[in-house]
Amino acid sequence: MARIHRRRPLQRPELSLTRGPQPAAGLVVVLHGGPERGFAPTRRWSAPYLRMWPFGAAIREASAERIAVIRVRHQHTGWNGGEETTLGEASLLLDEIAARAPWLPVGLLGHSLGGRTALRAAGHPAVRSVVALAPWVPEGESVEQLAGRAVLVVQGSRDLVCPVADTDAYVQRAREVGSDITYERLHGCGHLMIRRAEYWHSLAARHLCTTLLSNPA
């Protein structure tokens, strides 16, 4: 396979930060989905980006605004083979967070491509907790980086984009290496998380509040 070249140097993604009036007790980075390959920047009106906004609102409400939320818009929209572009962007952001606020526990929340990005970035020292929604986890995807992280994976039984069998196999391999991973299979739900949308939101928010806050509501 020919090497995939970036159109621009790798840089951290664009951000939208929402926080409460008091100092944050935790931080969640929200990672949107996207195509397998792509170098265009994510637009503010793109569906994968907008799809994640209700999750940020649910996290802030469930935490009584004690958890700040960073919504990512990637400079390059795709994974891009061995380049692992979205992972590289997320890692740069996590490095910056660790340098500027090393005391904050960090959670990652991602959907589809963003779910793969979140699971792969889980090994960063700043990360305590991960939620992967309908994640893209192809055969052979690494699981060792999940050690010591509290992980929730949520998958719809009717997902026609990211195969349920791939997610099942990924979770099984993660458990075999001792990962603390919870797996929720939502009957009748598809990839876009439209059916039972509020339940998707509440599952993610509950997990992140429980794992990031010392005294969750």
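This briefing covers the pockets, the cavity and a surface patch of one structure. The model is predicted. Its largest pocket holds about 430 Å³ of space. The second largest pocket holds about 180 Å³. There is one cavity of 30 Å³ or more. On the surface, Trp45, Leu50 and Trp53 make a nonpolar patch.

Rolling a probe the size of a water molecule over the atoms shows where empty space is left.

**Largest pocket**

- The space in this pocket comes to about 430 Å³.
- Its lining has 19 residues.
- Nearest the centre of the largest pocket lie Leu17, Arg19, Leu27, Ala101 and Leu104.
- Three elements each give at least two residues to this lining: strand 1 (14–18), strand 3 (67–73) and helix 3 (85–100).
- Helix 3 provides the largest share, with four residues.
- By type, the lining of the largest pocket has twelve nonpolar, five charged and two polar residues.

**Second largest pocket**

- About 180 Å³ of space lies here.
- The second largest pocket has 14 lining residues.
- Gly34, Ser112, Leu113, Val161 and His191 are the ones nearest its centre.
- Seven residues of this lining are nonpolar, five are polar and two are charged.

**Cavity**

- The count of cavities of 30 Å³ or more is one.
- The largest cavity has a volume of about 30 Å³.
- Its lining is made of Val30, His32, Pro48, Tyr49, Met52, Arg71 and Val72.
- Helix 1 (47–50) and strand 3 each supply at least two of these lining residues.
- Strand 3 also supplies at least two residues to the lining of the largest pocket.
- The cavity lining divides into five nonpolar residues, one polar and one charged.

**Nonpolar surface patch**

- The patch made by Trp45, Leu50 and Trp53 covers about 370 Å².
- Trp53 sits in helix 2, which runs over residues 53–62.
- The relative accessible area of Trp53 is 33%, so this residue is partly exposed.
- A patch residue needs over 30% relative accessible area, and Trp53 has 33%.

Methods: Residues numbered from 1 in each chain as written. Predicted model: local features only at pLDDT ≥ 70, side-chain atom pairs only at ≥ 80, totals over all residues. Heavy atoms only, no water. 1 Å grid on protein atoms, 1.4 Å probe; cavity = no way out; pocket = protein on both sides within 12 Å on 5 of 7 lines; lining within 4 Å. Points joined across faces, edges and corners; volume = space filled by probe spheres on them. Nonpolar A, V, L, I, M, F, W, Y, C, P; charged D, E, K, R; others polar. Patch = residues over 30% accessible without salt bridge, like charges linked within 9 Å, V, L, I, M, F, W, Y side chains within 5 Å. Areas by Shrake-Rupley, 256 points an atom, 1.4 Å probe, with all protein chains shown as cover. Salt bridge = Lys/Arg side-chain N within 4 Å of Asp/Glu carboxyl O. Buried < 20%, exposed > 50% of the residue type's maximum accessible area, 1.4 Å probe, protein only.
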